Amino acid sequence: MADKISTSPWLFQTDPLGFVPTEGVHFAMSTREFRYTAAILRWLLTLDGQRRSYPDPEHPGERKELVVKLLSQDPNNYKDAPTEGIRRVLETVTGEKIARGSVLDTSKIDYIRLSTTVATNALLERKGHRHALLITKGFQDLLLIGNQSRPRIFDLNIRRPSPLYAEVVEVDERVTLFREDGSVGQGYRGPGWDGVGDAEGPGEIVRGVSGEAVRVLKRPDVNVVRQDLARLYAAGYRSLAIVLIHSYTFPDHERQIGTLAREMGFTQVSESSQLLPMIKVVPRGISSTADAYLTPILREYLDGFFKGFDAQLKDGQIESPRVEFMGSDGGLLDLDNFSGLKSILSGPAGGVVGYALTSWDDTRKYPIIGIDVGGTSTDVSRFDGRYEVVYETTTAGVTIQSPQLDINTVAAGGGSCLTFRNGLFLAGPDSAGAEPGPACYKKGGPLAVTDANLLLGRLIPEHFPKIFGKSENEPLDAVASKTAFEELTKKINETQERPFDLDEIVYGFIKVANETMCRPIRALTEARGYSTGQHVLASFGGAGGQHACEIASLLGVKTILIHRYSSILSAYGLALADRAFELQEPSSTFYSTSSRASLLARLDKLTSNVREELARQGFEGDRMVVERMLNMRFEGTDTALMVLPNANDGDGKEDFEAAFKRVYKSEFGFLLETKTIIVDDVKVRGIGKTFDTLGESVYSEVERLERKPIDRSRAASTYSVYFDRIGRVPDTPVFLLDQLNIGDEVAGPAMVIDNTQTIVVVPGAKAVLSSKHLYMTLE
């Protein structure tokens, strides 16, 4: 079938299956907490943490985009935010009234892409699913003991996070490693030899997946396991995590128990060898319990989501609408491959994809810092041509071993509570959330960063959606914010020799919040040997534009990019994201010229399987990109690095040794030249490309633009805004983004506003409008 292309002024996108129907609505939704509702309508229709496109009936061949923002939680008005957003879009597109809560017809929908923080919130709040852990006999307390790490060694009152599982069942089975190279040879003949086998005791010798020889000391008794499972089932358990010693290389026992559990009616069975076949039983085991803890909650949410649509949405047929989910590593997953473990960073991952693809220039190669200022927190990441991925992270005290984008999070955002304790101004970590929200939401909430921005003039109620108050139809309440701040100011001034005025105190809290947001940026740059000032700052999120200039100034960054859709870039990134599928196998091989051929053969086999899966999903030819990696470490060390060679490494033909030494030296600053290299894992990641090109980069566009300084007379209004050093500017010009032309240059102090974002241009800064971004520079 010939390709049918979906185009817009900013995006040239081909459907993942090779075509875009002439009819059909495309949805990309991010359900990040603390989102509000707004609507924009123009040539490209502008809707939310949700982005949609559909055929333009007035201009055949073109597609409209619709952007709607709505609160992620509003139980008085709707049960599920994404479903409600889609209902509103379908009403707009079809012109028909659709009753709230009715089952939606999906015949007009091509695909839906969704990112969610359901699993993340369940982990943070410890509201996951009750489950049991099945583990090798003798290791009942292994995951409780952990790896002896003490992250808060000087605390006098240590509060260790409780384990995620509710009960432990020991399985009387045992395997042990015999030889690393997988050979048996002469066999064991020393003390303890039974005179029969080749091991130091009874047991069958088999070759593991990693190539190591495995001695099977004891196989599980199926009848005993069945009895244990029956007891758990009778006790109400429906979710299990199975973690057996050395299952990464010998998964047979886990598979056997897992199959039995599913036959007995357990709805969620997380086998560690299937989830993550990597050495190190503690992180592998904790990750499996996290999956058993979170996946049922995620499935319950998704089942509720699917109930809002007809059966066609979930039947998996090629002709049916597709639902795709953002994984923690920045790739899209189908329903079968999406799980709690892979969704920990589903929410913020879309924003990383959005800023990376819209800000990167493959010629200039300016490294980019992405800062997503949301309601509860600020997420920070770095992009330098490839997504930076980590394979072991700790979230809410739980160490998870799973590929995730390297995103640092700090509890400072628009909803962060502002307090004064022990003579200190504090912004966060507590959050007002979406319900009741900050004081200005008129629901009795606490003071928050949003209140501070409102009083400083950085939010203008007239340009904010009227969705607040108990009836959800009132504007922001500046009086409520001012009353609360006046009470706090009185309390603060009682402790000061010189009283501060209201603006000074309010801006003091903003400065504290800005410094808090800078902390994770420095951890990703300066702490790793990168010069922060050499980066470009890509700011997004609902509150990003209000803080971007001041954060850049604190970091020494001179260039700021704010996308037209920066307040919904998590959703916009979903629309740009690629489909991903990866396979991984353990290894236990010394890397050498003799072993290289066998490692490449294993990579070839995995590559073939990955390509076959992507082909099943509808990708073909050059729309498939494959990345082949080895997880390598020096012998005698504990830190393995996942290595992807490039054309400049060694002989340029997948020289993994040269690539490993390059990455290792960059990470640690030295090499262990006398040590041999061990390969722990082989991995292949396949990417199904969903777009062809994003067009000209913002940097080259700005270079050729004829800049036209904009006169104050073109301002839509003026407003009283407070700025650092110069104080309050009563006649700060307010420009509407929709009324600016490409090439217009706004000089600070000023504000640029549309219906989804407010951007503060500080004194000394200049902002040039390009086709996709507001390109800002600081003196």
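Mentor: Let us settle one term: a residue counts as buried when its relative accessible area is under 20%. Please also keep in mind that this is a predicted model.

Trainee: Thanks! Is Phe-338 buried or exposed?

Mentor: Phe-338 has a relative accessibility of 0%. The cut-off for the buried class is under 20%, so Phe-338 counts as buried.

Trainee: How many aromatic pairs are there, and what kind of pair do Phe-325 and Phe-338 form?

Mentor: The count of aromatic pairs comes to 22. In the pair of Phe-325 and Phe-338, the ring centres are 4.7 Å apart and the planes make 5 degrees. Planes under 30 degrees apart are called stacked, so this pair is stacked.

Trainee: How many residues apart are Phe-325 and Phe-338 in the chain?

Mentor: Phe-325 belongs to strand β15 (residues 322-326), while Phe-338 sits in the loop between β16 (332-333) and α8 (346-359). Phe-325, like its partner, is buried, with 0% relative accessibility. The pair links distant parts of the chain, and its members are separated by 13 residues.

Trainee: And Tyr-664 with Phe-670: what is the geometry of that aromatic pair?

Mentor: The ring centres of Tyr-664 and Phe-670 are 5.9 Å apart, with 85 degrees between the planes. Planes over 60 degrees apart fall in the edge-to-face class. The pair of Tyr-664 and Phe-670 is therefore edge-to-face.

Trainee: Which class of accessibility does Phe-670 fall in?

Mentor: Its ring partner Tyr-664 is buried at 5% relative accessibility. Phe-670 has 40%, and values between 20% and 50% are the middle class. Phe-670 therefore counts as partly exposed.

Trainee: Which residues form the cluster that ring pairs link around Tyr-664 and Phe-670?

Mentor: Tyr-664 and Phe-670 are paired directly. Ring pairs join them into a cluster whose members are Phe-634, Phe-660, Tyr-664, Phe-668 and Phe-670.

Trainee: Which arginine lies over the face of Tyr-233?

Mentor: Two such arrangements are worth a look. Arg-130 lies over the face of Tyr-237, 3.9 Å from the ring centre. For Tyr-233, the distance to the ring centre is 3.5 Å, and the residue over its face is Arg-238.

Trainee: Let us turn to strand β8. Which strands does β8 pair with?

Mentor: Strand β8 (residues 132-136) has five of its five residues buried, so the rest of the structure largely encloses it. Five bridges connect β8 in parallel to β9 (residues 167-171), where Ala-132 stands opposite Glu-167. Four more parallel bridges lead to β13 (residues 239-243), with Leu-134 and Ile-242 as bridge partners. The strands paired with β8 are thus β9 and β13.

Trainee: Which strands stand at the edges of the sheet β34-β35-β37-β38?

Mentor: This open sheet has four strands and mixed pairing. The two edge strands each have a single partner, so one side of each is left without a neighbour in the sheet; they are β34 (717-723) and β38 (758-761).

Trainee: By how many degrees are neighbouring strands of that sheet turned against each other on average?

Mentor: One neighbouring pair is β34 and β35 (residues 727-736), which run antiparallel and share six bridges; Phe-723 has Gly-727 as its bridge partner in β35. With direction ignored, the average turn between neighbouring strands of this sheet is 35 degrees.

Trainee: How are helices α10 and α11 oriented to each other?

Mentor: The axes of α10 (residues 478-493) and α11 (residues 502-524) come within 10 Å. Residues that meet include Phe-485 and Leu-488 in α10, and Ile-505 and Phe-509 in α11. The axes cross at roughly 95 degrees, and 65 to 115 is the range for this class. The two helices are therefore roughly perpendicular.

Trainee: How many residues of helix α13 are buried?

Mentor: Helix α13 (residues 569-576) is mostly covered. Among its buried residues are Tyr-572 and Leu-574. The count of buried residues is eight of eight.

Trainee: Finally, how many residues apart in sequence are Leu-71 and Ala-434?

Mentor: Leu-71 is in the loop between β6 (63-68) and α1 (81-94), and it is buried at 4% relative accessibility. The C-alpha atoms of Leu-71 and Ala-434 are 7.0 Å apart in space, yet in sequence the separation is 363 residues.

Technical notes. Residues numbered from 1 in each chain as written. Predicted model: local features only at pLDDT ≥ 70, side-chain atom pairs only at ≥ 80, totals over all residues. Heavy atoms only, no water. Phe/Tyr/Trp six-rings, centres within 6.5 Å; stacked < 30°, edge-to-face > 60°. Buried < 20%, exposed > 50% of the residue type's maximum accessible area, 1.4 Å probe, protein only. Lys NZ or Arg CZ within 6 Å of the ring centre and 35° of its normal. Pairing = 2+ DSSP bridges. Axes fitted to C-alpha atoms, helices over the stretch in contact; angles between N-to-C directions. Parallel < 35°, antiparallel > 145°, perpendicular 65-115°, else oblique. Contact = heavy atoms within 4.5 Å.
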